Each structure stands twice: as C-alpha cells, then as structure tokens.
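Hello,

Here is the structure for you to look over. Please open it first, then read the notes underneath.

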Amino acid sequence: MVDLKKTLKVKLVRSPIGTRADHRATVRGLGLRRLNSESVLEDTPAVRGMINKVSYLVQVL
C-alpha cells in the first residue's frame, strides 16, 4: 500500500539578512539556503508554524 503524505513546497523569496536570528534559524530549518531556493516539506503543524513565523520571507507554492 502506498502512503500518500501531504506536502508543501516552500520558496525563499526575500533575504533573511537583517532579520532576527531565530527567524534566520527557522529559514534554515525549513531547508532553505539561498534566495529562490525551494524545499518540499511534509504538511505538519510544526512545519506550518515555522512557515507562519517567517511568512514575510517565504512563499508557499
């Protein structure tokens, strides 16, 4: 049986330079390294909270 997990695709659209250190750490925790990098993540409450925290830096595709 195939287990289909919901995923979210997140893209870094603004630079985290000059933002709070914990926001930069959250961006790294989402697997985003440089501008326009994309990451596919499992749709969990923890990931949604991280995206919400840095919503001004990322875009959900």
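**A loop residue to begin with**

N36 is partly exposed, with a relative accessible area of 47%. This residue sits in the loop between helix 1 and strand 2. Its backbone deserves a look. Phi of N36 is near 70°, a positive value in a residue other than glycine. Most residues other than glycine have a negative phi. Please bear in mind that the model is predicted.

**The whole protein**

The protein has two helices and three strands. Starting at the N terminus, the order of elements is β-α-β-α-β. The C-alpha atoms fill a box of roughly 45 × 20 × 15 Å along the principal axes.

How much of the protein is buried? Buried residues make up 30% of the 61 residues. The exposed surface comes to about 4,400 Å², and carbon and sulfur atoms supply 52% of that. Sequence separation is worth a note too. Take the contacts between residues at least 6 apart in sequence: 71% of them join residues at least 24 apart.

**The sheet**

The three strands form an open sheet with the order 2-1-3 and antiparallel pairing. Strand 2 and strand 3 (58-60) are the edge strands, each pairing on one side only. From one strand to the next, the twist averages 30°.

Now the pairings. Strand 1 (residues 7-12) and strand 2 run antiparallel and are joined by five bridges. T7 has E42 as its bridge partner in strand 2. V10 stands opposite S39 in strand 2.

On the other side, three bridges join strand 1 to strand 3, again antiparallel. Here K11 has Q59 as its bridge partner. V10 is bridged to V60 in strand 3. So V10 appears in both pairings: opposite S39 in strand 2, and partnered with V60 in strand 3.Helix 2 packs on this sheet and touches strand 1, strand 2 and strand 3. The direction of helix 2 makes about 25° with that of strand 1.

**Two faces**

Which side chains of strand 1 are buried? L8, V10 and L12 are buried and point to one face. T7, K9 and K11 point to the other face and are not buried.

Strand 2 (residues 38-42) alternates as well. S39 and L41 point to one face and are buried. E38, V40 and E42 point to the other and are not.

**The core**

Nonpolar side chains tend to be buried together in soluble globular proteins. Which residues form the largest nonpolar core here? It has twelve: L8, V10, L12, V27, L30, L32, L41, V47, I51, V54, L57 and V58. Strand 1 and helix 2 (45-53) each supply at least two of these residues. The largest share, three residues, comes from strand 1.

L41 is a good core residue to click on. Leaving out residues up to four places away in sequence, L41 touches K6, T7, L8, V10, L30 and V47.

**Helix 1 and its contacts**

Two residues of helix 1 are worth a visit. One is T26, in helix 1 (residues 21-29). The other is D22, also placed in helix 1.

Is T26 buried or exposed? T26 has a relative accessible area of 8%, and is buried because that value is under the 20% cut-off. D22 has a relative accessible area of 28% and is partly exposed.

The two residues meet through polar atoms. The backbone oxygen of D22 lies 2.8 Å from a polar atom of the T26 side chain. Further along the chain, T26 touches M50, K53 and V54, with residues up to four places away in sequence not counted.

K53 comes up again with D22. A polar contact of 3.2 Å joins the side chains of D22 and K53. In sequence D22 and K53 are 31 residues apart. In space they are 9.7 Å apart, C-alpha to C-alpha.

**Where to look first**

If time is short, try three places. Start with V10, which points to the buried face of strand 1. Move on to T26 and its contacts with M50, K53 and V54. Finish at N36, with its positive phi.

Best wishes

How values were computed
Residues are numbered from 1 along each chain as its sequence is written. This is a predicted model: local features need pLDDT of at least 70, side-chain atom pairs count only at pLDDT 80 or more; totals for chains, interfaces and linings use all residues. Side-chain values use heavy atoms; hydrogens and water are left out. Buried means under 20% relative accessible area, exposed over 50%, partly exposed in between (1.4 Å probe, protein chains only). Helices (H or I, at least four residues) and strands (E, at least two) are DSSP runs, numbered from the N terminus. Two strands pair if DSSP finds at least two bridges between them. A nonpolar core is a set of buried Ala, Val, Leu, Ile, Met, Phe, Trp, Tyr and Cys residues joined through side-chain atoms within 4.5 Å. Contact means heavy atoms within 4.5 Å. A polar contact is a pair of N or O atoms within 3.5 Å; within protein, one must be able to donate a hydrogen and the other to accept it, and residues adjacent in sequence count only if both atoms are side-chain atoms. Accessible areas come from the Shrake-Rupley method with a 1.4 Å probe; for residues, only the protein chains shown count as cover. Axes are lines fitted to C-alpha atoms, for helices over the stretch in contact, and angles run from 0 to 180 degrees between N-to-C directions.
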